Amino acid sequence: MSNFWEKLMALRRAQDKPFFILAPMADVTDMAFRQIIIECGRSTGLTINKPDVLFTEFVSCDGLCSEKGKPKLMPHLKFSENERPIVAQFFGANPENFYKCAQLAVELGFDGIDINMGCPAGKIVKHDSGAGLIKNPELAKEIIRETKRGAGGLPVSVKTRIGYNKIVTEEWVSHLIEAQPAAIIIHGRTQKEMSKVPAHWDEIGKAAVLCRKVGIPIIGNGDIMTYSDGLKKAEQYGLDGIMVGRAIFSNPWFFDPSIDPASKTKEERIALMQKHIKLFTELWGKDKPFEVMKKFFKIYISGFEGAKELRMKLMTQKKEEYDIII
């Protein structure tokens with residue numbers, strides 16, 4: 001099977017430009033929202049400026065391996081052909097379940113698999129999952145090996161942080177390199193820091209030095225709010241790629257730098273929100289509370305006169321009342 005990370009690395013060298021990735025975010029980056037991001041990249045002409053790589057939300061390996069949990073979690077793994085390369089992201093602490101989920105990712109036709117070793121949420125880390133694996137490098141390496149064993153040639157990457165209670169970037173990344181993941185994505189904060197402090201890009205730079213020595217693609221993540229800032233950070237710290245998360249909430253057109261968000265009209269923004277509502281409903285039906293959708297309203301209902309008042313009104317309404325209000 002082809003390794004899309006290698007292709008991105010080759011393009012990065014040829015064009016002297018980093019690749020850009022939309023970060024996996026819980027209750028955000030489902031197929032519905034990923035389709036909106038692709039739609040936002042439809043500038044004039046035939047080119048669609050979408051992220052170079054898309055990830056699913058993180059999905060529990062233990063849940064997918066249980067008879068009761070699998071049906072509920074499978075919608076998280078839905079994707080469309082226009083999202084390729086698309087990566088399935090899993091979390092957990094059981095190597096055997098990672099092996100099984102890797103096999104499932106192959107069966108579903110994903111282009112890659114990512115292991116979440118960065119989620120800082122207490123309910124995740126207390127089970128040695130997410131960023132909790134930073135405290136257990138031997139288990140982390142076993143999980144990478146078992147995931148690769150089940151992946152059937154699909155590239156297996158790791159998304160992580162620079163430490164748990166303290167910064168241990170070089171020590172931790174050295175452990176990961178031993179297991180030879182296809183790529184390493186570094187969020188520049190510890191688990192303890194959550195998102196309360198600015199990202200430590202100097203530490204991401206240290207990880208880049210280690211990864212370049214062994215030819216593993218290195219991607220930086222944390223506080224990138226503009227496309228130009230991503231380009232600068234990649235050049236300054238020797239990165240192959242940039243992962244973008246929270247910036248998307250203020251600019252869903254992020255991945256097409258030719259588009260000025262300020263140029264988008266009220267009508268265009270509302271139409272985008274309506275499309276998102278339609279896609280969300282089609283994907284989840286009654287399986288996910290519609291309240292989840294409301295976190296996206298600020299993305300669309302902003303940047304025009306009366307936006308704040310309209311947004312506040314929408315937040316209190318039922319789904320079937322939106323079309324009447326707007």
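## Strand β8 and its two partners

Phenylalanine 20 stands opposite isoleucine 242, a residue of strand β8, in what is a predicted model. The strands concerned are β1, covering residues 19-22, and β8, and they pair in the parallel sense over 4 bridges.

Isoleucine 242 also has a second partner, since glycine 220 is bridged to this residue of β8. Here the pairing is between β8 and strand β7 (residues 218-221), again in the parallel sense, over 3 bridges. To pass from β7 to β8 the chain runs through helix α10, residues 227-237, and the resulting β-α-β crossover is right-handed.

## The two sides of β8

Which residues of strand β8 point one way, and which the other way? Within residues 241-244, Gly241 and Met243 point one way while Ile242 and Val244 point the other way, and all of them are buried.

## Helix α7

Helix α7 takes in residues 137-150, and its 14 residues should span 20 Å at 1.5 Å a residue, which agrees with the 20 Å that separates its end C-alpha atoms. After α7 comes glycine 152, which has a positive phi, near 55°.

The buried residues of α7 are Pro137, Leu139, Ala140, Lys141, Ile143, Ile144, Glu146, Thr147 and Gly150. These buried residues pack against two helices, α5 (95-108) and α8 (169-178), and against two strands, β4 (112-117) and β5 (156-161).

Conventions:
Residues numbered from 1 in each chain as written. Predicted model: local features only at pLDDT ≥ 70, side-chain atom pairs only at ≥ 80, totals over all residues. Heavy atoms only, no water. Buried < 20%, exposed > 50% of the residue type's maximum accessible area, 1.4 Å probe, protein only. Pairing = 2+ DSSP bridges. Right-handed = clockwise from strand over helix to strand, strands pointing away. Expected span 1.5 Å × (residues − 1). Contact = heavy atoms within 4.5 Å.
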